[in-house]
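Biologist: Please show the model, and let us then discuss its core and its charged pairs.

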Amino acid sequence: MSAERVAEALDFIDESLQYESTWERAEDHERRFGTELEYYGASVGAVRGSVRNAGRRYPALDHDDVTALASALWSTPVYERRLAAVVLLQSASGLLRHSDLTRIEGFIRSAALRDLVDALAVDVVGSLLQRLAGQDAARASAVVARWAGTDEPLLRRAAVLAHLPAYRSGNGDDDAFRRTVRSISGVQRSRVPEVEEAIALVRSSGAP
């Protein structure tokens with residue numbers, strides 16, 4: 001798929017989101033999420049439908065297409081566009097590589113909203129960690145472990161929630177989770193509600 005086709009897919013999704021928007025929903029989103037992002041006012045269902053329809057209109061997206069389109073969607077600080085980027089990565093999670101965690105880290109740092117971070121951490125990063133093997137798995141785990149020791153609370157939250165899919169499927173790694181919690185405990189001012197909440201959620205799914 002050429003850069004021109006990626007641009008066409010981007011325009012298709014953006015136009016679809018705006019077509020499905022209402023000012024009432026945009027105001028509701030702003031009340032719910034705050035003013036750090038802008039809002040078109042499209043529903044979650046409309047976002048998922050726009051991404052699904054783009055996949056039908058522009059089939060055979062490969063790894064580079066998906067990551068380029070996700071970055072293009074994310075580059076504009078509009079909630080629905082960024083949610084569409086997450087949905088796109090969720091739908092194409094089987095194409096992602098450990099090296100894509102650098103891009104995803106950038107998304108998390110700029111996400112502004114916990115809802116976006118949680119979807120990336122659980123459905124994209126967590127899924128990736130479960131699928132990778134060998135050196136790729138080790139490299140991906142090292143990246144996520146580094147997130148646990150950063151000063152950015154949303155990255156620490158993501159590092160915790162990335163364990164959730166494995167515990168939900170009965171394959172959680174207790175030693176890895178304990179290392180994540182220890183790394184977080186070593187961060188100055190680490191005890192913030194969003195991180196503590198994430199730890200409690202994973203523990204409720206079977207983590208020690």
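The questions and answers below concern this structure.

Modeller: This is a predicted model, in which local features need pLDDT of at least 70, side-chain atom pairs count only at pLDDT 80 or more, and totals for chains, interfaces and linings use all residues. Residues are numbered from 1 along each chain as its sequence is written, and side-chain values use heavy atoms, with hydrogens and water left out.

Biologist: Which helix gives the most residues to the largest nonpolar core?

Modeller: A nonpolar core is a set of buried (under 20% relative accessible area, 1.4 Å probe, protein chains only) Ala, Val, Leu, Ile, Met, Phe, Trp, Tyr and Cys residues joined through side-chain atoms within 4.5 Å. The largest one holds 73 residues, of which I108, L116 and W147 touch the most other members. Nine residues come from the helix that gives the most, a DSSP run (H or I, at least four residues) numbered from the N terminus. That helix, at residues 114-131, is α7.

Biologist: Which residue of helix α7 pairs with E197 in a salt bridge, linking distant parts of the chain?

Modeller: A salt bridge is a side-chain nitrogen of Lys or Arg within 4 Å of a carboxyl oxygen of Asp or Glu. E197 lies in helix α12 (residues 193-204), and its partner is 83 residues apart from it. The N to O distance is 3.1 Å, and the partner is R114.

Biologist: Is A60 buried or exposed?

Modeller: A60 is found in the loop between α3 (44-57) and α4 (63-74). Exposed means over 50% relative accessible area. Because its relative accessibility is 72%, A60 counts as exposed.

Notes:
Helix = DSSP H or I, 4+ residues; strand = E, 2+ residues; numbered from the N terminus.
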